Amino acid sequence: MVSGTILGEYTSAVPADRLWKASFCDGHNLIPKLMPGIISSIDILEGDGAGVGSVKKFNFTDVIKDYSYVKDRVVVMDQENHIVKYSTLEGGVIGVKVKSYSVEISLTSTSEGGCLSKMKIEYESIGDSLLSEEDANDMQQGIFAMVKAIDAYLVENPTAYA
């Protein structure tokens, strides 16, 4: 087993407060509407869906061939500093490509009025090597796809989550 880290950034024209509210406070409602071909529903199994301790199950459509769901628990929800961290409990690449992983995303305001989204994925591999570059990229892009879908929605709907 080897520990690895995947880092990524995404720049948005949307202010941090709006992207935060839409993505991490109401994402369980918004994401299935914006990505119906990929995510059929997000079930809140524990908590309110946005607070520390909340457990959510992301149910995928048949477009995702390798797994049907991912279940995660919110471990950090810093509303003031726009930082969320969650650990994946089961599903997805757990047991297939990695033993475990957690994701931390932070949103920082930019001088242009938008925000910079930084993501850090920490994982433990199943074998004695790190994830391949392709697998690491797939993990990163899968997570950022949800933020990017919300970002596009907010650009098109400038009064939403204002």
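**Exercise 1. How many of the 10 residues of H1 are buried?**

Solution. The structure is a predicted model, in which local features need pLDDT of at least 70 and side-chain atom pairs count only at pLDDT 80 or more, while totals for chains, interfaces and linings use all residues. Residues are numbered from 1 along each chain as its sequence is written, and side-chain values use heavy atoms, with hydrogens and water left out.

Step one is to fix the terms: helices (H or I, at least four residues) and strands (E, at least two) are DSSP runs numbered from the N terminus, and buried means under 20% relative accessible area, exposed over 50%, and partly exposed in between, with a 1.4 Å probe and protein chains only. Step two is the count, which gives seven buried residues out of 10, and H1 is thus mostly covered. Step three is to name them: Ala-16, Arg-18, Leu-19, Trp-20, Ala-22, Ser-23 and Phe-24.

**Exercise 2. Describe the order of the strands in the sheet, and state which strands stand at the edges.**

Solution. Two strands pair if DSSP finds at least two bridges between them. On that basis the seven strands form an open sheet in the order E1-E7-E6-E5-E4-E3-E2, with antiparallel pairing. The edges are taken by strand E1 (3-12) and strand E2 (39-46), each of which has a single partner strand, so one side of each is left without a neighbour in the sheet. From one strand to the next, the twist averages 20°.

**Exercise 3. Follow the pairing from E2 through to E5, giving the bridges that join each pair.**

Solution. Beginning with E2 and E3, six bridges join these strands, which run antiparallel, and Glu-46 stands opposite Val-55 in E3. Moving on, E3 and E4 also run antiparallel and are joined by five bridges, with Tyr-69 in E4 as the bridge partner of Asn-59. Finally, strand E4 (residues 69-78) pairs with strand E5 (residues 83-91) in the antiparallel sense over eight bridges, and here Lys-85 in E5 is the bridge partner of Val-76. As for the surroundings of E3, five of its six residues are buried, so E3 is largely enclosed by the rest of the structure.

**Exercise 4. Which strands do H1 and H2 touch or lie across?**

Solution. Contact means heavy atoms within 4.5 Å, and axes are lines fitted to C-alpha atoms, for helices over the stretch in contact, with angles running from 0 to 180 degrees between N-to-C directions. H1 packs on the sheet and touches E1, E4, E5, strand E6 (98-109) and strand E7 (115-125), its direction making about 150° with that of E6. H2, by its own placement, lies across E2 and strand E3 (55-60) and runs at about 165° to E2.

**Exercise 5. Classify the packing of H1 against H2 and against H3.**

Solution. Two packed helices are described by the angle between their axes and the distance between the axes. Angles under 35 degrees count as roughly parallel, over 145 as roughly antiparallel, 65 to 115 as roughly perpendicular and the rest as oblique.

For the first pair, helix H1 (residues 16-25) and helix H2 (residues 27-34) pack at an angle of about 85° with their axes 6 Å apart, and H1 and H2 are therefore roughly perpendicular. Ala-22, Ser-23, Phe-24 and Cys-25 of H1 make this contact with Gly-27, His-28 and Leu-30 of H2.

For the second pair, the axes of H1 and helix H3 (residues 133-156) come within 10 Å and cross at roughly 130°, and H1 and H3 are therefore oblique to each other. From H1, the residues in contact are Arg-18, Leu-19, Ala-22, Ser-23 and Phe-24, and from H3 they are Val-147, Ile-150, Asp-151 and Leu-154.

**Exercise 6. Where do His-82 and Tyr-161 lie, and are they buried, partly exposed or exposed?**

Solution. His-82 lies in the loop between E4 and E5 and has a positive phi of about 55° although it is not a glycine; with a relative accessible area of 10%, His-82 is buried. Tyr-161 is found in the segment after H3 and has a positive phi of about 60°, although it too is not a glycine; its relative accessible area of 24% makes Tyr-161 partly exposed.
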